[in-house]
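Okay, hi everyone, thanks for making room for me today. Please have the structure open on your screens so we can walk through it together.

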Amino acid sequence: MSSSPLSKKRRLSESETKTGSNCSSGKSVQTDLREAPANGMAKNGSEADIDEGLYSRQLYVLGHEAMKRMQNANILVSGLRGLGVEIAKNIILGGVKSVTVHDQGVAEWSDLSSQFYLHEEDLGKNRAEISQPRLAELNSYVPVTAYTGPLSEDFLGNFQVVVLTNCPLEEQLRISDFCHSQDIKLVVADTKGLFGQLFCDFGDEMVVTDTNGEQPLSAMVSMITKGCPGEVTCLDEARHGFESGDFVSFTEIEGMKELNSSEPMEIKVLGPYTFSIGDTSSFSDYVRGGIVTQVKMPKKISFKSLRCSLQEPEFILTDFSKFDRPAQLHLGFQALHEFCKKHGHFPKPRNQADAAEVLALTKELNEQAAPSRKQEQLNEDILKELSFQATGDLAPVNAFIGGLAAQEVMKACSGKFMPITQWLYFDALECLPEENKDTLLTEENCSPKHCRYDGQMAVFGSDMQAKLGQQKYFLVGAGAIGCELLKNFAMIGLGCGQGGEVVVTDMDTIEKSNLNRQFLFRPWDVTKMKSDTAAAAVKEMNPNIHIVSHQDRVGPDTERVYDDDFFENLDGVANALDNVDARMYMDRRCVYYRKPLLESGTLGTKGNIQVVIPFLTESYSSSQDPPEKSIPICTLKNFPNAIEHTLQWARDEFEGLFKQPAENVNQYITDAKFMERTQKLPGTQPLEVLEAVYKSLVTDRPKTWADCVAWACNHWHTQYCNNIRQLLHNFPPNQKTNSGTLFWSGPKRCPHPLTFDISNPLHMDYVVAAANLFAQTYGITGTRDRAAIVELLRQVQVPEFTPKSGVRIHISDQELQNANASVDDSRLEELKSSLPGPQQLQDFRMFPVDFEKDDDTNFHMDFIVAASNLRAENYDIPPADRHKSKLIAGKIIPAIATTTAAVVGLVCLELYKVIQGHQRLESFKNGFLNLALPFFGFSEPVSCPKNKYYSTEWTLWDRFEVQGIQPDGQEMTLREFLAYFKKEHKLEITMLSQGVSMLYSFFMQPAKLKERHDQPMTEIVTRVSKKKIGRHVKALVFELCCNDDSGDDTEVPYVRYTIR
């Protein structure tokens, strides 16, 4: 983990741009950020740097070029209510050049339901001025200015992008006309209760450099025909994945070399492995080889101004089940503006007269619309609901629309990803009560109470607010999703009332790279616990929240903490986890305790949400993604053809050189059963482990730093010269297979050995990193002094190498597996007798190195990059820079604040439904979004599958409840347990297990069965599992295999066997 502000940076050129912070008005304030360079760039002439330590996860989403363009953009965000502050927060975290926040209004009670940087003591003060210092803390590289004057054309001219929220339609039109004429990009965003609106105008000629953000596809070529058009066939290892209309380029083609230097060519897909290109009839004959790669082509998009687009709108659908909704809401939002213009305020909550007037205004607007845009029928219920909620201000809707709007701002600055063209409307009316809506939501119930939840009570009423306050929720994880969830929880008042509580757990500490999207953390929080820091931050936002922070990992080890009492007391669980195993564990716990679970995740601009409702939906574990495709071992060892292969090889090298041998040596010294355990390992593993231990303790064990440098130099020669020479000795470059084709063809790239050169920086990078890491494992102090290392290298005598005959090199994993069956026992015995005894090594310990990708001072990534790129050079594979290498080798999940905010907004909309106790499957929404495209897909959750035994239906939420303690105080024996199921359920148990312990089976030895029959169930569990049952355990879970009364096997639920 790196807490150092000094991190690896990449040089970028920066052009001079207009700035938004040097306006002439006296009505602006700015935090003094002189000690920090602007926007992640050190100011050194015309060059500037991106702080990769801070922006690394976002860089993997946007790329350096897009970030560079963003860092030249000054942004204005007007309207600092909940939506405006959400957009500003996401843009500031993203790292633009500057942000100016504008508002002429003062903080009111209704703002506090979603404006997380306003406190009760700020009421009556200007929203922009109060929010500015709090926003400025988010990113020291982005100067934040507050402005409270009018939005004059002179002032607007300072910005590249203008964002309007909470703005009258007339003002929107005035500003839009000016911005469109000056090529200033415009985003207009608005929310009204459960409704949202977003509009984008990025000018007459917006150039999008990358429409989807996906990595360009590539495939290996096996044949190209001459003709018009020429047809390309790819190797049938995997489908090429191209689409008609894609552009591609060719490299490494032998024979038809004209293609290697041609411009990108448009293709037409003919099949999963074939496509056609342009005229190849005049080209040379194709011989073999080649790689075809997709080329991203710039795309021009033209936008209409707001004035034109109001009359001729284009919509992006957020929910395909509501395809007619956008056109209705388009008119409805305009009617609200008309109402506000006429009365000076928006319609009152649940006021029928106001709603009738809004409906009449909508009808008028519809009559005036162009014939092609006129709605045949207006949805009066929806439009009245829009009027009822016009003063509503909900944190989750602001989070969703705010995440989308901020992403559109980034698209406007960078040209990366496809913008919204041009209108997006959203609603979540399913959040309203399923039954008796009109009796639950009255004008009295939803009227302002001069409290911080007024904006939410305008939508849901005061009874729902009280219910939210009483909730007890468990949040697992306080990373990016966890921070956003906690912010929303605090704003909506979850666990903020009597008896309510939010428990958050996360065992991680804060790292610098977290600060770019985990917005509750600041630079001075680095190295502190995430859960404690996040809890304190949201307590600041809403002092009423009852929040408890823990530092536990959830899992079997912490079931004493998160026991039956803990879970039974909860109302629900929200996951904010970053791995599938922990998600599945929490899912199992929620199914067992029958608690609702809110599940979500993000990957770059993609996000998903899933809601799990007891007795209604399937669980998270009910469906799983297919496993990741692994790289064959032989490809890694001898036949790499992509940088991913060489990077995985380098990671394996790291583990096999600096971690596993040290761990094995320490176990050999301290664990008496190490040798016995090692010999039981499958295949050739016993030999490999003992060879490594022998090397570490005898042949390779260094005494000095010079020995470590010599080891690194010799290992370099082994891997990049000798092993390659041996491979080429076994399979010479021109060798042919039995079928007459070249052995080195298709996916097999013919390698060449490297010659060590101390003047080659990459060779030295490897030696410096490898020697230092090797030294660390022995507790020897190393150095970065290259000149000193060069001197030591001059003294190293590298043994002469001659390729040997008879060395077996496996060319497929199947061949490798077959060979693994035999182990050289004599060599194993020789190693055992040659190793120094553990008693001779009592004072010796090695120091295993755990791979940590984010610390640029620890040599880990230095080694990975050098090791991978040297191997890539062996096989003529294009190398990868440090940034890309870290992504692949470190298995980093790209992340950006905008997606997280949007996803969590959707999660919290489901939370509203859960808390109200919605029971209709169609009320809930699982969601998937990709902000890059942009795409939104919602579906109702899958209902829990039904099973049956006899006439009894059951699902994953059902179980047999068995009271282990009888009325007489005695516990049930196994005989009684079996008899109980025979009598009560007509089921004959054939097998009974608890966890991994088999308690009973019909094929058990009679003597063992006789012994167990009259033992209490808990005694059998304790004996078989060899573990005591903890005092915190109230019940055991038994799994059954049963036969019905006709002797057929039948599937049944599990048993909850209560013992306390």
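Let's start with E252, which you'll find in the loop between β13 and β14. The odd thing about E252 is its backbone: phi is positive, about 60 degrees, even though the residue is not a glycine. And before I go on, keep in mind that this is a predicted model.

So what sits on either side of that loop? Both β13 and β14 belong to an open sheet of 7 strands, and the order goes β14-β13-β17-β11-β12-β16-β15. The pairing in that sheet is antiparallel. At the edges you have β14, residues 265–266, and β15, residues 268–271. Each of those has a single partner strand, so one side of each is left with no neighbour in the sheet.

If you're new to this, a quick reminder: strands in a sheet pair through backbone hydrogen bonds, and they can do that either parallel or antiparallel. For a concrete case, look at β13, residues 247–251, next to β17, residues 291–295. Those strands pair in the antiparallel sense over 5 bridges. Pick V248, for example: its bridge partner in β17 is Q294.

Stay in that sheet for a second and find the loop between β11, residues 218–224, and β12, residues 231–234. P229 is in there, and the peptide bond from C228 to P229 is cis, with omega near 5 degrees.

There's another cis bond further along the chain, joining L933 and P934, with omega about -15 degrees. P934 is in the loop between β27, residues 926–930, and β28.

Those strands take us to the other sheet I want to show you. It's an open sheet of 8 strands, in the order β23-β22-β21-β24-β25-β26-β27-β28, and the pairing is mixed. Which strands stand at the edges here? They are β23, at 547–550, and β28, at 935–939; each has a single partner strand, so one side of each lacks a neighbour in the sheet. From one strand to the next, the twist averages 10 degrees.

Zoom in on β21, residues 472–476, and β22, residues 501–505: they run parallel, joined by 5 bridges. L475 has V504 as its bridge partner in β22. And lying across β22 and β23 there's a helix, α16, residues 530–541, which runs at about 165 degrees to β23.

Okay, on to helices packing against helices. I have some pairs for you.

Take α9, residues 352–368, and α10, residues 380–388. Their axes come within 9 Å and cross at roughly 125 degrees, and the two are therefore oblique to each other. The crossing is right-handed. On the α9 side the contact includes Q352, D354 and A355, and on the α10 side it includes E380, L383 and K384. By class, that contact has 5 nonpolar, 3 polar and 4 charged residues.

Next up, α11, residues 395–414, with α15, residues 480–492. These pack at an angle of about 145 degrees, with axes 9 Å apart. From α11 you have A395, P396 and A399, and they meet K487, N488, M491 and I492 in α15. That contact divides into 5 nonpolar, 1 polar and 1 charged.

Then there's α23, residues 705–730, with α28, residues 860–874. How do their axes cross? They come within 11 Å and cross at roughly 15 degrees, which makes α23 roughly parallel to α28. The crossing is right-handed again, if you recall α9 and α10. W716, Q719, Y720 and I724 of α23 make the contact with A867, L870, R871 and N874 of α28. Here the classes come out as 5 nonpolar, 2 polar and 1 charged.

Last stop, the end of my tour. An unreviewed UniProt entry annotates residues 924–1055 as "domain: Ubiquitin-activating enzyme E1 C-terminal". In our model that stretch is 22% helix and 33% strand, and its end C-alpha atoms are 30 Å apart.

That's my tour, so go ahead and spin the structure around for yourselves!

Technical notes:
Residues are numbered from 1 along each chain as its sequence is written. This is a predicted model: local features need pLDDT of at least 70, side-chain atom pairs count only at pLDDT 80 or more; totals for chains, interfaces and linings use all residues. Side-chain values use heavy atoms; hydrogens and water are left out. UniProt positions are given in the numbering used here, feature names are shortened, and annotations may be inferred rather than shown by experiment. Helices (H or I, at least four residues) and strands (E, at least two) are DSSP runs, numbered from the N terminus. Axes are lines fitted to C-alpha atoms, for helices over the stretch in contact, and angles run from 0 to 180 degrees between N-to-C directions. Angles under 35 degrees count as roughly parallel, over 145 as roughly antiparallel, 65 to 115 as roughly perpendicular and the rest as oblique. A crossing is left-handed if the near helix is turned anticlockwise from the far one by less than a right angle, and right-handed if clockwise. Contact means heavy atoms within 4.5 Å. Ala, Val, Leu, Ile, Met, Phe, Trp, Tyr, Cys and Pro count as nonpolar, Asp, Glu, Lys and Arg as charged, and the others, Gly among them, as polar. Two strands pair if DSSP finds at least two bridges between them.
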